[in-house]
Amino acid sequence: YLLLWKINATDCLAKLTLCCNCTPHLYAGVILDKVMKEANPLSVLELGTYCGYSALRMICVLKPGARFLTIEFNPANASIAKQIFRFAGVEDKVAILEGSSGDIIPQLKKKQEVDTLDFVFLDHWKDRYQPDTQLLEECGLLRKGTVLLADNVITPGAPEFLQYVRNNPRYECAFYASNLEYTKFKDGMEKAIFKG
């Protein structure tokens, strides 16, 4: 029923939370909101759009004029997210880039005119977290102070990413405990600040 009315982003987020039974995921959402507000980014990249829930949360806390890009591999997910964004009235605040992160990241500077990113939310294939982080570095998309926030680093887990950022002197890391969506399984989010 969410797609029947055009509503504002905050109301859409509330209805999406209710309709999709995202209540168990609210704590992770609160962490995302907190880290986003602290970073106060002007340029954001999300890896893994899915239905657009996390993107909508981030868009709700972005300051005016901020740029939001999200990469989604699955065309069906991208289509659903586009509908959610349209009905939330934020379609002009987000660009959905369809394809693999490995193909799109190297093109961000040229095709999307991205200089560097202030904030990156990793919520796609967990085995891509570490290689995509290195790809962002290699492509010069991270600057001193860029915040990376990676979801689900414990369950299902992203051990290579955790090992990479925690043992790398170019990152300052912090872990936020949470539960896996819709379960009581222990999970968490890792914040990694790029030090240059």
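The following questions and answers concern the sheet, the helices and selected residues of a predicted model.

Reader: In what order do the strands of the open sheet stand?

Author: The model contains an open sheet of 7 strands with mixed pairing. Its strands β3 (95-98) and β6 (171-179) stand at the edges with a single partner strand each, so one side of each is left without a neighbour in the sheet. The twist averages 15 degrees from one strand to the next. The order is β3-β2-β1-β4-β5-β7-β6.

Reader: How many residues of strand β4 are buried?

Author: Strand β4 spans residues 117-122 and is mostly covered. Strand β1 (residues 43-47) pairs with β4 in the parallel sense over 4 bridges, and β4 also pairs with strand β5 (residues 142-150), in the parallel sense over 5 bridges. The number of buried residues in β4 is 6 of 6.

Reader: Which residue of β4 is the bridge partner of leucine 45?

Author: Strands β1 and β4 pair over 4 bridges in the parallel sense. The residue of β4 that partners leucine 45 also stands opposite leucine 148 in β5. That bridge partner is valine 120.

Reader: Which residue in β5 is the bridge partner of phenylalanine 119?

Author: The pairing of β4 with β5 is parallel and comprises 5 bridges. Elsewhere along these two strands, leucine 117 stands opposite leucine 142. For phenylalanine 119, the bridge partner in β5 is valine 147.

Reader: What is the handedness of the crossover from β4 to β5?

Author: Strands β4 and β5 pair in the parallel sense. The chain leaves β4, passes through helix α7 (residues 129-138) and arrives at β5. This β-α-β crossover is right-handed.

Reader: What angle does the direction of α7 make with that of β5?

Author: Helix α7 packs on the sheet. The strands touched by α7 are β1, β4, β5, β6 and β7 (186-194). Its direction and that of β5 make an angle of about 165 degrees.

Reader: Which strands does helix α3 lie across?

Author: Helix α3 comprises residues 53-61. Its direction runs at about 165 degrees to β1. The strands that α3 lies across are β1, β2 (67-72) and β4.

Reader: Is threonine 133 buried or exposed?

Author: Threonine 133 lies in helix α7. Leaving aside neighbours within four places in sequence, this threonine is in contact with Leu122, Leu142, Leu148, Phe161, Tyr164 and Tyr171. Its relative accessibility is 0%, and a residue counts as buried under 20%. Threonine 133 is therefore buried.

Reader: How far apart in sequence are the parts tied together by the pair of tyrosine 129 and phenylalanine 161?

Author: The rings of tyrosine 129 and phenylalanine 161 form an edge-to-face aromatic pair, with 5.8 Å centre to centre and 90 degrees between the planes. Both tyrosine 129 and phenylalanine 161 are buried. Because tyrosine 129 lies in helix α7 and phenylalanine 161 in helix α9 (residues 159-166), the pair ties together parts whose separation in sequence is 32 residues.

Reader: Why do the buried residues of α9 line one face of the helix?

Author: The buried residues of α9 are Phe161, Leu162, Tyr164 and Val165. They pack against α7, β5, α8 (153-157), β6 and β7, whereas the face turned away from the buried side carries the exposed residues Pro159 and Gln163. The buried residues line one face because, seen down the axis of α9, they fall within an arc of 165 degrees.

Reader: Which residue in β7 is the bridge partner of leucine 149?

Author: Strand β5 pairs with β7 over 4 bridges. The sense of this pairing is antiparallel. The partner of leucine 149 in β7 is lysine 191.

Reader: What is the relative accessible area of asparagine 179?

Author: Asparagine 179 lies in strand β6. Not counting residues up to four places away in sequence, asparagine 179 touches Lys184, Phe185, Lys186 and Asp187. Its C-alpha atom is separated by 9.7 Å from that of methionine 189, 10 residues apart along the chain. Asparagine 179 is partly exposed, with a relative accessible area of 29%.

Methods:
Residues numbered from 1 in each chain as written. Predicted model: local features only at pLDDT ≥ 70, side-chain atom pairs only at ≥ 80, totals over all residues. Heavy atoms only, no water. Buried < 20%, exposed > 50% of the residue type's maximum accessible area, 1.4 Å probe, protein only. Pairing = 2+ DSSP bridges. Right-handed = clockwise from strand over helix to strand, strands pointing away. Axes fitted to C-alpha atoms, helices over the stretch in contact; angles between N-to-C directions. Contact = heavy atoms within 4.5 Å. Phe/Tyr/Trp six-rings, centres within 6.5 Å; stacked < 30°, edge-to-face > 60°. Arc of directions from axis to C-beta.
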